[in-house]
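These are my notebook entries on a structure that I had not examined before. I set down what I looked up, one topic at a time.

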Amino acid sequence: MKTIYFDNAATTPLYKEVEEEMKKYLFEDYGNPSSIHFLGERSRKALDSSRTLLARELGAKPHEIIFTSGATESNNLAIQGLSRFERGKKKILISSIEHPSVYNICNFLKKYGYEIISIPVNSEGILDLNFLSSFLQKNSSQVLLVSIIHVNNVLGVCQDLKKIGELCKKHSVPFHTDAAQSFVKIKINVRDCNITFLSASAHKIGGPKGAGFIYIKEKTDLFPLFFGGHQEKNLRSGTENVPSIVGFAKALEVFKKTNSNSVQKLRDYLFKELEKIGGKINGSKEKRIFNNVHVSFPNKDSEYLVLALSEKGICVSSGSACDTRNEGEDNIFKALNIKEKNLGSIRISLSEKNTKKEVDFFLNELKKILRS
């Protein structure tokens with residue numbers, strides 16, 4: 001049975017070019033980048049080169065990139081690290097459709113007296129900027145951070161980072177964005193958008209799992225989450241994962257060649273065909289990343305749809321791979337003011353490797369499942 005993979009928002013297959021690049025630092029130049037011998041120097045050079053390449057993609061400076069295990073760790077470092085350093089400000093603003101790795105950090109901080117303000121979104125998942133502006137106007141001196149996901153991991157809707165950044169800059173409030181779903185796929189310039197912190201993961205763009213980074217605007221102070229050998233400017237101790245970091249940089253290089261227009265055409269075809277069979281597309285169709293479709297069907301079970309499709313060799317998801325349906329997707333439906341009961345929904349996230357033939361096979365099998 002052929003595998004049809006439509007779950008690229010959860011993770012992506014490793015590029016062959018990335019695998020080849022990583023092998024060199026797994027089996028040949030395997031030195032610790034903190035060692036001063038020639039193998040260590042080779043690893044350090046590869047680390048620095050990767051940092052420069054990733055920074056350039058954001059319009060950042062190399063020393064503003066700190067390597068981590070992925071966006072979840074980066075989100076924790078941004079939010080918890082700032083809360084430990086700046087203890088006097090107890091209000092944190094997040095969107096009502098944040099990723100669990102932001103939402104759950106904030107729930108944890110409630111135990112320590114933090115007030116978490118959830119910024120509403122409209123029925124298409126777009127942030128209420130008037131709410132944000134009004135709140136900052138009245139409370140900016142008490143706000144520790146504004147943290148807004150750039151592209152929602154379930155719906156695929158995009159927020160306007162530049163407008164959010166302008167509001168944060170106006171009121172001198174730090175701005176963090178989880179860009180795991182958007183890094184490289186949508187051009188981001190951290191200077192233009194006044195971003196203080198940005199999180200990203202390698203495995204969303206054809207790189208290895210377990211590698212990521214956090215951009216930290218220069219002259220911004222954070223408290224580290226753990227302590228050790230002073231790597232990564234004392235903010236992320238532990239021997240750097242050189243093969244995976246090199247793989248991240250190579251994945252960036254390869255992914256940039258993706259023809260996003262062809263993927264978007266396939267996505268738009270899916271929109272039309274799914275609506276023909278009774279599907280409801282959730283989230284804005286216009287302000288959306290090019291490869292995401294999130295669709296609901298009344299009186300169907302999400303898990304049943306995913307498993308039935310899986311039996312046919314088709315991989316989709318019912319939402320975030322990092323959360324349960326009840327805690328994750330239901331919160332999003334609530335935020336969008338979707339009140340229908342028993343909505344079975346699936347997320348289809350495409351790549352440049354997917355074809356119309358695969359999409360048509362998926363649609364044909366889905367029709368059979370919906371009739372059963």
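Entry 1: a histidine and its surroundings.
I began with a polar contact of 3.0 Å, which joins the side chains of His176 and Ser199. I note at the outset that the model is a predicted one. I then looked for a further partner and found that the His176 side chain also makes a polar contact with the side chain of Asn75, at 3.2 Å. Where is His176 found? I located His176 in strand S6, which covers residues 175-178. Is His176 buried or exposed? Its relative accessible area is 0%, and I therefore recorded His176 as buried. Next I listed its contacts, leaving aside neighbours within four places in sequence. Besides Asn75 and Ser199, the residues in contact with His176 include Ala78, Val102, Phe197 and Leu198. The run Leu145, Val146, Ser147 and Ile148 is also in contact with His176.

Entry 2: helix H5.
I turned to helix H5, residues 129-139, and asked which of its residues are buried. They are Leu132, Phe135, Leu136 and Asn139. Viewed down the axis of H5, these buried residues fall within an arc of 95°, so they line one face of the helix. On the other side of H5 I found Asn130, Gln137 and Lys138 exposed. What do the buried residues of H5 pack against? I noted three strands and a helix: S3 (91-95), S4 (115-119), S5 (143-147) and H6 (161-170). I also inspected the start of H5, where a side-chain oxygen of Asp128 comes to within 3.1 Å of the backbone nitrogen of Asn130.

Entry 3: aromatic rings.
How many aromatic pairs does a search of the whole structure find? The search returned seven. For Phe131 and Phe135, the ring centres are 6.4 Å apart and the planes stand at 15°, so I entered this pair as stacked. Both residues belong to helix H5 and lie four residues apart, about one turn of the helix. Phe131 has 31% relative accessibility and counts as partly exposed, whereas Phe135, at 15%, is buried. I then recorded the pair of Phe223 and Phe227, which is edge-to-face, with 6.1 Å from centre to centre and 80° between the planes. Phe223 counts as partly exposed at 36% relative accessibility, and Phe227 counts as exposed at 62%. I further noted that Phe183, Phe213 and Phe248 form one aromatic cluster.

Entry 4: lysines over rings.
I looked up charged groups placed over aromatic rings. The charged end of Lys90 sits over the ring of Tyr114, at 4.1 Å from the ring centre. I also found Lys285 over the face of Phe271, with a distance of 5.7 Å to the ring centre.

Entry 5: strand S2.
I closed with strand S2, residues 65-68, and asked which of its residues are buried on each side. Ile65 and Phe67 are buried on one side, and Ile66 and Thr68 on the other, so that both faces of S2 are covered. I then examined how S2 is joined to strand S8, residues 212-216. The two strands run antiparallel and are joined by four bridges. Which residue of S8 does Thr68 stand opposite? I identified Gly212 as the residue in that position.

Key:
Residues are numbered from 1 along each chain as its sequence is written. This is a predicted model: local features need pLDDT of at least 70, side-chain atom pairs count only at pLDDT 80 or more; totals for chains, interfaces and linings use all residues. Side-chain values use heavy atoms; hydrogens and water are left out. Buried means under 20% relative accessible area, exposed over 50%, partly exposed in between (1.4 Å probe, protein chains only). The arc is that of the directions from the helix axis to the C-beta atoms. Contact means heavy atoms within 4.5 Å. A polar contact is a pair of N or O atoms within 3.5 Å; within protein, one must be able to donate a hydrogen and the other to accept it, and residues adjacent in sequence count only if both atoms are side-chain atoms. Two strands pair if DSSP finds at least two bridges between them. Rings of Phe, Tyr and Trp (its six-membered ring) pair if their centres lie within 6.5 Å; planes under 30 degrees apart count as stacked, over 60 as edge-to-face and the rest as tilted. A charge sits over a ring if NZ of Lys or CZ of Arg is within 6 Å of the ring centre and within 35 degrees of the ring normal.
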